[in-house]
Amino acid sequence: MPAPVARGTPSVAFGKGKYLVVWEDERDGGVYGTRVRTDGRLLDPGGLRLNPRAVRGFAPVAAFNGTHFFVVWQAGTGISGVRVATDGTVVGPVFDVVPPGTVSLPLGLACSPKVCTVTYNIVAEMESIISFTRVRWDGGVLPDVDHTVSPAGNLAGESSVAWNNNQKQFLIVWIDARGGTASPDIYGARVKEDGTILDDGGFPISQATGSQRRPDVTWTGRRYHVVWGDDRSGTFDIYGARVRSNGTVEDLAGIPISTAPGEQTLPRVAHHESKSLVVWDDTRGGQHRIRGARLGEDGRVWDSSGFAISQGDLPNEFFPDVAYGDDRFFTAYAAEVEYSPFGTHFVLGTRVRHDTRVQDSPALVLTRVPGTAPSAPSR
C-alpha cells in the first residue's frame, strides 16, 4: 500500500508536457516531488528528493519559467530553492532566496522567462509585511533594494503572485488588516519584471465585511482572476474578482463562486482559453472534498453548485492546488482517513478536462515510495 509520507499543502506546475507536483515529506531533506505526464503516467514513483541539504525544508511551491521548474521552500526562518529540469534532474546548487530571519509562510512563486518572483511575509514586533525577492533564470538571486509592497506598521500575509506576459509585470495579492481591523481584506500590487513597484502600498481588491483569506491569482491573457475564501455571510465561501492589468478592479463587490452549505476554503486557480478553473476545499457533505467551478472572462460562474474533483478515495481530501497544460488541468491534493493538516497524509492527483470531466477515478497516488502498489489507498 502507498505510504502517507507528506505534510502540508502540495503545489503543482506545468512545463513542456509534464506536471511537477512538490510537497513536504517525512524523508531526509523534507522537499520531494514527482513528474506526471499528461496521459497520467507517474514518472518518479519513488519521489525526487529536491532538497539535498541536511537542513529540512518545508512548505515548497513550484513554478515553470519556460525551460526549468523552480521550487522554493522555507528552510528554518529563511527561504531556499533549486531549479529542476524537465527530465527530473536537480540543476546546480541550492540557492538561498532569503537568509535566516523572520520569514513566515505561505510562500508565493511565479516566473517570467527571465526572473522568478518569490513572495513572503516578514514578521516583526507589531507588524507583518509582504516582501518579494527576484531570482534570475540561472538561479542567481537579485539584490532588490525596495522589495516591500505592503505598508510598514501593518498586519499582512498569505501572499500569492502571477506573471502577466503581455505587460511584463507580476501581480502580488495578499490579505491585509491595515487600520487595526480584525478582519483582513484582499490587497494587490503590480511589480514590473525589473522589480519596480507600480502600486506603492497596494490597492484594495476586496473590502467586504467579515474576513477574506488565502487569495490566489492567475493571468488569463486579458486580465487577472483573483480568488479567495470569504466569510461575509458567516461561514467561508469562495469569491473572486477580475482585475485589469492597469490595476482596475472590475468586481468591487466580488463574484460569488461557491456559497454552498458548510465551509469552502483554500481556493486555487489556473486558466485555459476563456475560463479559469477554481478549486477549493469543500465541507458541504460533512467531510473534506475537493470541488471546482469555472470562472469566465466575463465574470460568469459556469458551475454554480461546483462539481466534484476528488472522488472520495479517502474520507477526507483537502489542500488543493491546480495547474493547466496540454488541454487539461491537473489538481493535486492531500488525503487521509482523518483530516490532518499537521499530520502525515497522502498526495493524490487527478486530471480534469476543460468540460469538467474528471479523468482519474481512483485518483493517481503521487506519494508512492519504492515497492508500493500503484493503486489508490483503500478507504
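Two strands count as a pair here if DSSP finds at least two bridges between them. Keep that in mind for this predicted model, where strand 7 and strand 8 pair in the antiparallel sense over five bridges. Below is a quick tour of that pair, an open four-stranded sheet and the one disulfide in the structure.

**The hairpin**
- Strand 7 covers residues 78-84 and strand 8 covers residues 90-98.
- Together, strand 7 and strand 8 make a hairpin, with five residues sitting between them.
- In the turn, look for glycine 88, which has a positive phi of about 95°.
- Across the pairing, glycine 81 stands opposite phenylalanine 95 of strand 8.

**The open sheet**
- Four strands build this one, running in the order 20-21-22-23 with antiparallel pairing.
- Strand 20 (264-272) and strand 23 (307-308) are at the edges with a single partner strand each, so one side of each has no neighbour in the sheet.
- The partner strand 22 spans residues 289-296 and meets strand 23 over two bridges, in the antiparallel sense.
- If you want a spot to zoom in on, arginine 291 stands opposite alanine 308 in strand 23.

**The disulfide**
- There's one disulfide in the structure, and cysteine 111 and cysteine 116 form it, with their sulfur atoms 2.0 Å apart.
- The link between cysteine 111 and cysteine 116 is right-handed, with 100° about the S-S bond.
- Are these cysteines buried or exposed? Both cysteine 111 and cysteine 116 are buried.

Definitions and conventions:
Residues numbered from 1 in each chain as written. Predicted model: local features only at pLDDT ≥ 70, side-chain atom pairs only at ≥ 80, totals over all residues. Heavy atoms only, no water. Disulfide = S-S within 2.5 Å. Buried < 20%, exposed > 50% of the residue type's maximum accessible area, 1.4 Å probe, protein only.
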